[in-house]
Amino acid sequence: MKCRKCGTSAVINMRQHKLALCGEHYVEWFAGQTERVIEKYKMFSRDERILVAVSGGKDSLSLWDVLLRLGYQADGLYIGLGINAPLPYSDASLEMTHKFLASDVWRVASDESRVTDDGDASPAIRNSQFAIPNFTPTLHVVDVPATYGKSIPEISREKMRGQGRPCAACGLTKRYVMNRLAHDQGYTVLATGHNLDDEVAVLFQNTLRWQLGYLARQAPILPASHEGLTRKVKPFCRFYERETAAYALVRGIEYIYDECPHATGNQMNFHKTLLNQLETESPGAKLAFYLEFLRARGEGAFTLYNATETLHACEICGQPTSAPGRCAFCRMWDVSRVVG
Ligand code: AMP
Ligand code: FES
Ligand code: ZN
Ligand code: ZN
């Protein structure tokens with residue numbers, strides 16, 4: 001397989017785009033596509049400070065890398081969940097994140113990052129300044145056990161009486177910490193590394209149960225609907241998982257391969273397997289499912305279900321909540337005074 005642009009050996013063949021590219025042209029294409037998504041959904045501008053939630057995995061480290069290369073003021077946030085059994089998952093993820101920052105792989109001379117004028121790159125790509133000279137990103141680390149006294153598996157065991165996976169407690173805690181730090185540190189936008197496979201699996205799950213409220217809220221961008229909330233964006237929502245993995249590989253980004261030990265065998269992974277079978281039979285099926293959903297959503301198919309909740313400040317931490325009194329986070333963690 002040859003690169004469509006230069007005829008050298010291709011590193012990736014994207015059947016759904018009928019496009020094979022070499023490493024150099026792939027990195028260029030990937031940055032261009034990311035920029036297009038950022039522009040299309042009006043996610044953020046180069047004047048804004050962006051907080052990237054980095055887990056040490058391929059998606060979020062690639063996202064941080066590509067945003068820096070495109071000249072965005074992107075800082076990172078790593079949340080230590082204390083998931084270290086049976087494998088030191090959290091410790092290893094933090095190490096990968098530190099390694100990425102120390103590797104300098106993200107540091108680009110501004111002329112090197114300029115995408116060649118090949119007609120395919122968006123005007124924004126060709127004309128923008130690219131990597132900000134002398135910008136060194138900050139990594140914020142919030143260690144949950146050190147801050148709140150317990151690891152995620154511990155708080156989950158305590159609250160769920162040993163039943164079920166810790167993923168619900170984990171999701172609630174991550175969302176809270178991300179929003180709180182973004183707000184406290186003055187970031188207007190929070191970016192996560194969710195890819196197309198993630199988004200399609202969630203869409204499939206919500207569709208199977210016709211959870212119209214969830215469908216109404218599933219989008220590449222969620223505006224800050226209330227004072228104290230931060231805009232949430234998913235610039236990689238149109239990339240297949242194998243595309244973000246290929247980007248990390250070509251860019252020499254080391255990342256944690258293992259997934260969270262608690263995710264093994266969960267329903268989301270089962271749905272991902274089903275959807276992969278569909279994709280093998282019908283290349284592009286996942287992308288079409290997602291994009292057609294966004295089109296229908298954009299045309300107002302779910303507007304009726306877009307409930308606007310009345311939020312007020314949590315009496316302990318001040319974060320917006322729909323619950324009376326303490327927010328779900330403060331209740332779960334039995335917080336009775338401001339922590340962190
Ligand atoms: P996941 O829910 O594990 O598929 O992760 C989805 C996205 O959430 C990742 O791409 C990251 O942007 C973010 N994320 C997940 N875990 C963490 C973490 N421990 N710290 C910071 N961000 C995270
Ligand atoms: Fe949160 Fe697995 S990453 S429980
Ligand atoms: Zn090429
Ligand atoms: Zn609270």
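**Close-up views of two zinc sites and a ligand shell**

The four donor atoms around the zinc ion (ligand 4) subtend angles of 103 to 116 degrees, and the arrangement is therefore tetrahedral. This geometry, like every feature described below, belongs to a predicted model.

**View 1. Coordination of the zinc ion (ligand 4) by C314, C317, C327 and C330.** The SG atoms of these four cysteines coordinate the zinc ion (ligand 4) at 2.3 to 2.4 Å. Along the chain, the donors follow the spacing C-x2-C-x9-C-x2-C. Within this set, C317 and C330 form a pair that links distant parts of the chain, 13 residues apart. C317 lies in the loop between β9 (312-313) and β10 (320-321), whereas C330 belongs to helix α13 (residues 328-332).

**View 2. Burial of C317 and C330 at the zinc ion (ligand 4).** Buried residues are those under 20% relative accessible area. C317 has a relative accessibility of 15% and therefore counts as buried. C330, at 1% relative accessibility, also counts as buried.

**View 3. Coordination of the zinc ion (ligand 3) by C3, C6, C22 and H25.** Three of the donor atoms are the SG atoms of C3, C6 and C22, and the fourth is ND1 of H25, at 2.1 to 2.3 Å. Because the four donor atoms subtend angles of 101 to 113 degrees, the arrangement around the zinc ion (ligand 3) is tetrahedral. The donor residues are spaced C-x2-C-x15-C-x2-H in sequence. C3, in the segment before β1 (12-14), and C22, in the loop between β2 (19-21) and α1 (23-40), form a pair that links distant parts of the chain, 19 residues apart. Both C3 and C22 are buried.

**View 4. Polar contacts between the protein backbone and ligand 1.** A backbone N or O atom of A53 lies 2.6 Å from an oxygen atom of ligand 1. Nitrogen atoms of ligand 1 are approached by backbone N or O atoms of two further residues: that of I79 at 2.9 Å and that of V54 at 3.4 Å. Taken alone, ligand 1 exposes 480 Å², of which the protein buries 76%.

**View 5. The shell of residues around ligand 1.** The elements that give two or more residues to this shell are β4 (73-80) and α7 (167-184). The largest share, three residues, comes from β4. Of the 13 residues around ligand 1, those that come nearest are A53, V54, L77, I79 and G193. By class, the shell has seven nonpolar, five polar and one charged residues.

Terms used: Residues are numbered from 1 along each chain as its sequence is written. Chains are lettered from A and ligands numbered from 1 in the order in which they are written. This is a predicted model: local features need pLDDT of at least 70, side-chain atom pairs count only at pLDDT 80 or more; totals for chains, interfaces and linings use all residues. Side-chain values use heavy atoms; hydrogens and water are left out. Donors are N, O and S atoms within 2.8 Å of the metal (3.2 Å for Na, K and Ca); water is not among the atoms, so sites may look incomplete. Four donors count as tetrahedral if all angles lie between 85 and 135 degrees; four count as square planar and six as octahedral if opposite donors are over 155 degrees apart and all others between 65 and 115; anything else is irregular. Helices (H or I, at least four residues) and strands (E, at least two) are DSSP runs, numbered from the N terminus. Buried means under 20% relative accessible area, exposed over 50%, partly exposed in between (1.4 Å probe, protein chains only). A residue is near a molecule or strand if one of its heavy atoms lies within 4 Å of it. A polar contact is a pair of N or O atoms within 3.5 Å; within protein, one must be able to donate a hydrogen and the other to accept it, and residues adjacent in sequence count only if both atoms are side-chain atoms. Accessible areas come from the Shrake-Rupley method with a 1.4 Å probe; for residues, only the protein chains shown count as cover. Ala, Val, Leu, Ile, Met, Phe, Trp, Tyr, Cys and Pro count as nonpolar, Asp, Glu, Lys and Arg as charged, and the others, Gly among them, as polar.
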